[in-house]
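Trainee: I should like to work through this model with you, beginning with one residue and then turning to the surface and the interior. May we look at it together?

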Amino acid sequence: MLPISSRSGEATSFLNALFTATSATCVTGLVVFDTVTHWSLFGQAVILLLIQIGGMGVVTITVLAAVISGKKIGLMQRSTMQEAISAPKVGGIVRLTSFILKATFVIELTGAVLMLPVFWKDFGPARGIWYALFHSISAFCNAGFDLMGKAGPFSSLTPYADNAYLNSIIMFLIIIGGIGFITWDDIRSKGIHFRNYRLQSKMILLTTAILIGIPFLFFYFKEFSSAIWGNMSTGEKVIASLFQAVTPRTAGFNTVDLNLFSEAGRTVVIILMLIGGSPGSTAGGMKTTTLAVLTMTLFAVFKRKEDTECFRRRIEADTIKYAATILMMYLTLCLMGGIIISCLENLPMLTCLFETASAIGTVGLTLGITSQLGMISRIILIILMFLGRVGCLTLVFAAFSGTQRNISRYPKEKITVG
């Protein structure tokens, strides 16, 4: 809210500052003001710091501070770290966290160096370095904040739609940030020996590949085959299709105007935003593993198998229950938020669902309505962004943490479903 944070030198209102801070910390990317035209360099630096903290996770940053200060990390803190990064065990958790921190800074710095020639050429040395660093961190943390407003408010990366080099770097950073820290560890320790990876890493990599490949084909053959994109070459259509397949999970950059997509195309983007990235990553959403577990359960039911299996491993019943619960919570919150905003703002339902899916999936893509929404609608989006980043189940478990478990069980009675 400080006057120094805005270019005009005037204080930003509390609600708008809260919306921006929530969006940055929850690495969402929804904004009520264009980042480069409203916020000063100081304000942009605050946003970037919040993106880094939100992307790495508050727990991971806390561990970094403890390690630097030389404090001893107890069993409770190690257990919290295990939950935060979705590690399979407590043993070696500090070492793993140190690896994550080092790898993060190396990847972000590498991304910035690779992008520097593009931004140096367009914006000069000083701004080029800042732009390269900002967009590298924003892409890796799946935040979707950009500094391209000079080309037009809320333009995202549309000025670089035909730049395959920059698009490739951004996509690489998004995917690396979104596959999860445990998958990194498997790739580092086991190399290309996919068979030796943990089940979670196998599911993440396979599901990620499918969720990039199928939407890419859909966007290329359905969306970009339309006459509306006739001015694009085949190569530009390929890179745009691939970028639009990668960014909804959950980066929030876009290189084309999503308002030009058909309703089917926007619906596909909504589905991708809700799915999101992977556990223990910089991305949000329901997570790829949730989708994979439910899909494997579907096949198990079709084949009338008692157990859900994947890669010759059995998945626990509790995991399936959690996955189903997460799916229901995300769908319920997205639909409820969309209905309320549609009623309040008198906007089309699909447009509002796009906005709420983007918020709870911590994506940041928008059809351009964020800055036009009223106070109540913005508060709804703030709540959805917070729930999407912290985790719906986390808050529910915290709310009922003091509730005693009932060890008695009621008699069973069969009901018919479906």
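Trainee: In which helix is Ser 342 found?
Mentor: Please keep in mind that this is a predicted model. The helix in question spans residues 317-345, and Ser 342 belongs to it. The name asked for is H14.

Trainee: Does Ser 342 count as buried or exposed?
Mentor: Residues under 20% relative accessible area are classed as buried. Ser 342 has a relative accessibility of 14%, and therefore it counts as buried. Beyond its neighbours within four places in sequence, Ser 342 is in contact with Leu 347, Pro 348, Met 349 and Cys 352. The class of Ser 342 is thus buried.

Trainee: How does Ile 340 count, at 38% relative accessibility?
Mentor: Ile 340 also lies in helix H14. The class between buried and exposed runs from 20% to 50%. Because its relative accessibility is 38%, Ile 340 counts as partly exposed.

Trainee: Which helix gives the largest share of the nonpolar patch?
Mentor: This surface patch consists of Ile 340, Leu 344, Met 375, Ile 376, Ile 379 and Ile 383, with about 540 Å² of accessible area together. H14 and helix H16 (375-390) each supply at least two of its residues. The largest share, 4 residues, comes from H16.

Trainee: Which helix supplies the largest share of the largest nonpolar core?
Mentor: That core has 51 residues, and among those touching the most other members are Met 115, Phe 119 and Trp 184. Several helices each supply at least two residues, including H3 (41-56), H6 (93-123) and H10 (199-223). The largest share, 10 residues, comes from H6.

Terms used
Residues numbered from 1 in each chain as written. Predicted model: local features only at pLDDT ≥ 70, side-chain atom pairs only at ≥ 80, totals over all residues. Heavy atoms only, no water. Buried < 20%, exposed > 50% of the residue type's maximum accessible area, 1.4 Å probe, protein only. Contact = heavy atoms within 4.5 Å. Patch = residues over 30% accessible without salt bridge, like charges linked within 9 Å, V, L, I, M, F, W, Y side chains within 5 Å. Areas by Shrake-Rupley, 256 points an atom, 1.4 Å probe, with all protein chains shown as cover. Salt bridge = Lys/Arg side-chain N within 4 Å of Asp/Glu carboxyl O. Core = buried A, V, L, I, M, F, W, Y, C linked by side-chain atoms within 4.5 Å.
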